Amino acid sequence: MLDRVLARGAQALDTNESHVDDASQFDLAERAALKRVAGLSTELEDITEVEYRQVRLEKVVLAGLWNTTQADAENSIRELAALAETAGSEVLDAIIQRRETPDPGTYLGKGKAAELAEIVASVGADTVIIDSELAPSQRRGLEDVIKVKVVDRVALILDIFAQHAKSREGKAQVELAQLEYLLPRLRGWGESLSRQAGGRVAGGAGIGSRGPGETKIELDRRRIRARMSKLRRQITAMAPSRDTKRKNRARNHIPSVAIVGYTNAGKSSLLNQLADAEVMVQNALFATLDPTVRQSRTADGITFTYTDTVGFVRNLPHQLVEAFRSTLEEASDSDLLLHIVDASHPDPHGQIHAVREVLKDVETGDIPELLVFNKADIADEAVITGLHAEYPEARFVSAVTKEGVGELVETIESMLPSPNIEVTVLIPYERGDLVSKIYALGMVEHEEHGAGGTSMQAKVPAELAAELADFRRPDLVIGE
């Protein structure tokens with residue numbers, strides 16, 4: 001089953017990393033510093049002793065259900081294999097089961113869960129990863145049958161985010177999402193569920209204050225809620241910094257292009273080509289989480305920015321969407337969405353749908369979208385032909401070979417908001433800041449230097465035209 005289900009799994013995660021410059025080598029070296037030593041394990045045999053642990057360097061077996069088409073199920077399990085490898089585990093086997101609805105007790109049903117237990121025992125796996133979100137009762141039921149740790153797709157994605165978050169804001173967002181996931185799944189340790197704190201232990205004064213008090217698990221839940229509240233306050237306090245930067249760009253009328261797309265579609269690689277950036281590139285899912293803003297300039301000299309956002313995935317945990325809302329707002333404030341799709345992926349249409357579903361939550365419906373199919377150099381020609389027919393306005397590029405990048409740049413520049421008010425002005429030499437603004441935000445057609453200052457004929461945005469009102473000289477004749 002593994003050979004059939006994961007036939008093209010290696011395509012998702014190639015061990016050869018893309019070329020990056022020196023500025024990114026440190027990040028890649030740090031990420032590759034921890035490697036699995038085969039044959040060694042410190043996993044606890046009694047899983048009931050562990051309340052919650054991240055997916056670490058483990059040997060895993062994958063399991064999933066399918067109720068639509070087998071091809072979709074196999075694509076999803078291949079993606080789960082790529083996620084598991086990104087988290088640092090080794091995929092040993094995978095099964096998919098035809099079932100209309102999950103079993104409420106064990107997700108797979110007792111019989112299939114017993115078969116899965118036999119597979120886990122035969123291959124020596126430490127963990128089972130389920131290609132869906134499990135209810136707490138389903139996870140406990142499966143663990144009781146399989147006798148190893150069970151992790152669902154949501155916990156796996158949260159673990160990857162925890163590994164890759166670098167900024168203070170990103171770490172806080174990931175921790176908040178993990179606590180939101182953990183809270184309803186909190187488990188006690190045996191009899192500690194019934195342990196109660198009362199009397200002096202609860203901070204009372206002895207006689208008259210003794211009572212049932214709080215159980216241990218209630219205390220844990222209260223502390224988690226308190227930590228979540230603190231994290232939300234911290235994230236809210238960090239928001240003004242990002243808002244200030246966005247407002248500065250808006251005040252200076254700098255157009256913004258938000259790069260969105262499925263994880264590992266090549267967003268960072270394409271940003272490096274478009275803006276001559278030095279963003280870390282790695283052939284892995286969710287390699288970069290923190291948004292990156294880079295400045296660029298059109299052929300006409302207009303300044304604008306590219307913003308690389310966090311990648312999306314099927315069934316992106318809602319906890320992450322909420323926690324990363326401040327980051328995703330970079331897309332909602334943009335003038336153009338550059339939607340990157342992996343043309344070599346087995347299901348590019350599924351990628352497009354998954355990204356658009358997430359973007360609905362951040363209200364980007366009125367922003368123009370430009371579809372860009374990346375990795376065209378390794379995609380099947382028949383697939384490229386079909387995508388051309390279905391998406392005639394899309395662009396096909398390769399960030400590695402730079403094929404189509406020049407045409408993409410021209411298309412982006414043509415879709416940006418352009419200055420449309422013609423002005424003829426005479427700017428005194430002491431107001432060189434206005435000359436710089438005209439060059440940065442407008443299109444200069446003619447310029448002359450005279451005794452009274454700099455005479456310019458240009459097209460500028462409406463806001464800048466209002467700022468230049470006192471210097472307008474429509475009677476001037478420039479460039480003759």
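Q: Before we start, what makes a helix crossing left-handed or right-handed?
A: A crossing is left-handed if the near helix is turned anticlockwise from the far one by less than a right angle, and right-handed if clockwise.

Q: And which kind is the crossing of helix 5 with helix 6?
A: Helix 5 crosses helix 6 in the right-handed sense. Keep in mind that this is a predicted model.

Q: What angle do those two pack at, and how far apart are their axes?
A: Helix 5, residues 110-123, and helix 6, residues 136-146, pack at about 55°, and their axes are 9 Å apart. That angle makes helix 5 oblique to helix 6.

Q: Which residues meet there?
A: From helix 5 they are A113, A114, L116, A117 and V120, and from helix 6 they are L142, V145 and I146. Sorted by class, this contact has 8 nonpolar residues, with no polar and no charged ones.

Q: OK, zooming out. How many helices and strands does the protein chain have?
A: The chain has 17 helices and 15 strands.

Q: What share of its residues is buried?
A: Of the 480 residues in the protein chain, 50% are buried.

Q: What about contacts between residues far along the sequence, what percentage join residues at least 24 apart?
A: Counting contacts between residues at least 6 apart in sequence, 71% join residues at least 24 apart.

Q: Now sheets. What is the strand order in the open sheet of 4 strands?
A: The order is 2-1-3-4, with parallel pairing. Strand 2 (90-98) and strand 4 (149-152) are at the edges and have a single partner strand each, so one side of each has no neighbour in the sheet. Ignoring direction, neighbouring strands are turned by 25° against each other on average.

Q: How many bridges join strand 1 to strand 3?
A: There are 4 bridges between strand 1, residues 59-66, and strand 3, residues 127-130, and the two run parallel. Within that pairing, L62 is opposite I129 of strand 3.

Q: Which strands of this sheet does helix 5 touch?
A: Helix 5 packs on the sheet and touches strand 1, strand 2 and strand 3, with its direction at about 165° to that of strand 2. Helix 7, residues 153-164, also packs on the sheet, touching strand 3 and strand 4, and its direction makes about 80° with that of strand 4.

Q: What about helix 4 and helix 7, at what angle do they pack?
A: Helix 4, residues 70-86, packs with helix 7 at about 35°, with the axes 9 Å apart. Their crossing is left-handed. Among the contact residues are L80 and L83 of helix 4 and L156 and I160 of helix 7. By class, this contact has 6 nonpolar, 4 polar and 2 charged residues.

Q: Different topic: what is the order in the open sheet of 6 strands?
A: It runs 8-9-7-10-11-12, and the pairing is mixed. Strand 8 (292-297) and strand 12 (395-396) are the edge strands with a single partner each, so one side of each is left without a neighbour in the sheet.

Q: In which sense do strand 7 and strand 9 pair?
A: Strand 7, residues 256-261, and strand 9, residues 303-308, pair in the parallel sense over 4 bridges. A258 is opposite T307 in strand 9.

Q: And which strands does helix 13 touch?
A: Helix 13, residues 348-360, packs on the sheet against strand 7, strand 10 (336-342) and strand 11 (369-374), and its direction makes about 145° with that of strand 10.

Key: Residues numbered from 1 in each chain as written. Predicted model: local features only at pLDDT ≥ 70, side-chain atom pairs only at ≥ 80, totals over all residues. Heavy atoms only, no water. Axes fitted to C-alpha atoms, helices over the stretch in contact; angles between N-to-C directions. Parallel < 35°, antiparallel > 145°, perpendicular 65-115°, else oblique. Contact = heavy atoms within 4.5 Å. Nonpolar A, V, L, I, M, F, W, Y, C, P; charged D, E, K, R; others polar. Pairing = 2+ DSSP bridges. Buried < 20%, exposed > 50% of the residue type's maximum accessible area, 1.4 Å probe, protein only.
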